[in-house]
Amino acid sequence: MSILTHEAVMTEEVLESLIHSRKGLYVDCTFGAGGHSSRILEELNKDGKLLSMDKDKNATRFLSKKFTKDSRFKIINDSFSQLSLYVENETVSGVLIDLGISSTQLDDSDRGFSFQLDGPLDMRIDNSQGISAEEWINTATKKEIEDVFWVLGEDRFSRRIAKKICDIRIKNPIRTTKELSEIVLSAVSRKSKKHPATNIFRAIRMKINEELEELYKVLEASSYALCFGGRLAVISFHSIEDRIVKRFIQGKDRVDTSVKFSYIGDRFIKATSEEIKRNPRSRSAILRVAEKVA
Ligand SMILES: C[S@@+](CC[C@H](N)C(=O)[O-])C[C@H]1O[C@@H](n2cnc3c(N)ncnc32)[C@H](O)[C@@H]1O
């Protein structure tokens, strides 16, 4: 179990654009280690409220006193796609979605998210339900594996890696993160600094947790939950997610296009060089903040 904790990214930029009324109801869909939630609570006045969600029980189980003693705060252990179960339409002043997983989850070898640590191949954010990465990698068809590596991993060696996995699993099922990262490494030669398993592990995690489907659902749910003038702030770490957010704000790929959004300030915000130096994870973060205008 890791003792490292997660450092929230672009916190000041998030607060500046998200909080427009200090007495509003805000939703932090991705509580994680509570960095953003903690700062949101500091900004709100005594009438403000914060509802935070995380589907990882580990994230919500051990809350610090800062949260448990604050009557303005409530935490829900559920998927953010279920947001509409917990808030009324047009009552929320701001929704924050900080996508992906936290460093705390990544650095815990028992969770199986990291190709740099050896552990069971799990990768479920909520490990009480769904199938693990181990089950998926040992049972999915070669075509399905190729497609996940190609579409979610954008990996040009997707076919070669999928074939190698299928050749090996017939003899020995793949059980650990180390076994899988070694298989990936043996299928492609390592030419750059980036480990070839980087994209493959991220793709499997996105597949196992249905991350894109969850994103579409939470964006749609947020569009109903937000009041007029309410703000939607999304931090993504990958171009596929960012494209979905961008198109959603533009009114594209939606079930209901009657709700309209307009950007607050710049279309997207990146971390400052000082932040990237302090927290290299912020390098690939893209923040988009938009206001519900109709
Ligand atoms: C990048 S971390 C958030 C970090 C957080 N903003 C902080 O300040 O510590 C993403 C969090 O979202 C959670 N998460 C991912 N997908 C989720 C989903 N569909 N529903 C609810 N929580 C989710 C993960 O468990 C993880 O704790």
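**View 1. Glutamine 105 meets the ligand through a polar side-chain atom.** In this predicted model, a polar atom in the side chain of glutamine 105 sits 2.8 Å from an oxygen atom of the ligand. Aspartate 54 makes an approach of this kind too, with a polar side-chain atom 2.6 Å from a ligand oxygen atom. Look next for aspartate 98, where an N or O atom of the side chain lies 2.8 Å from a nitrogen atom of the ligand. How much of the ligand does the protein bury? On its own the ligand would expose 610 Å², and 98% of that is buried by the protein.

**View 2. A shell of 25 residues surrounds the ligand.** If you are finding your way around, start with the closest ones: His36, Asp54, Asp98, Gln105 and Glu214. Asp54, Asp98 and Gln105 will be familiar from the first view. What kinds of residue make up the shell around the ligand? Sorted by class, the shell has eight nonpolar, 10 polar and seven charged residues.

**View 3. The ligand takes up the space of the largest cavity.** The structure holds one cavity of 30 Å³ or more, and the volume of the largest cavity is about 400 Å³. Its lining is made of 30 residues, and those closest to the cavity centre are Thr30, Phe80, Asp98, Leu99 and Gly100. Two or more lining residues come from each of the elements α2 (35-43) and α11 (211-225). Which element gives the largest share of this lining? That is α11, with four residues. By class, the cavity lining counts 11 nonpolar, 11 polar and eight charged residues.

**View 4. The largest pocket holds about 1100 Å³ of space.** Here, too, 30 residues form the lining, and Leu106, Thr198, Arg202, Arg281 and Ser284 are the closest to the centre of the pocket. Nine of the residues lining the largest pocket are nonpolar, 12 are polar and nine are charged.

**View 5. Helices contribute to the lining of the largest pocket.** To trace this part of the wall, follow α5 (103-106), α10 (197-208) and α12 (239-249), the elements that give two or more residues to the pocket lining. Which of the elements gives the most? The answer is α10, with five residues.

Conventions
Residues numbered from 1 in each chain as written. Predicted model: local features only at pLDDT ≥ 70, side-chain atom pairs only at ≥ 80, totals over all residues. Heavy atoms only, no water. 1 Å grid on protein atoms, 1.4 Å probe; cavity = no way out; pocket = protein on both sides within 12 Å on 5 of 7 lines; lining within 4 Å. Points joined across faces, edges and corners; volume = space filled by probe spheres on them. Nonpolar A, V, L, I, M, F, W, Y, C, P; charged D, E, K, R; others polar. Near = heavy atom within 4 Å. Polar contact = N/O pair within 3.5 Å; in protein donor to acceptor, adjacent residues only side chain to side chain. Areas by Shrake-Rupley, 256 points an atom, 1.4 Å probe, with all protein chains shown as cover. Sits in = over half its atoms within 2 Å of the grid points.
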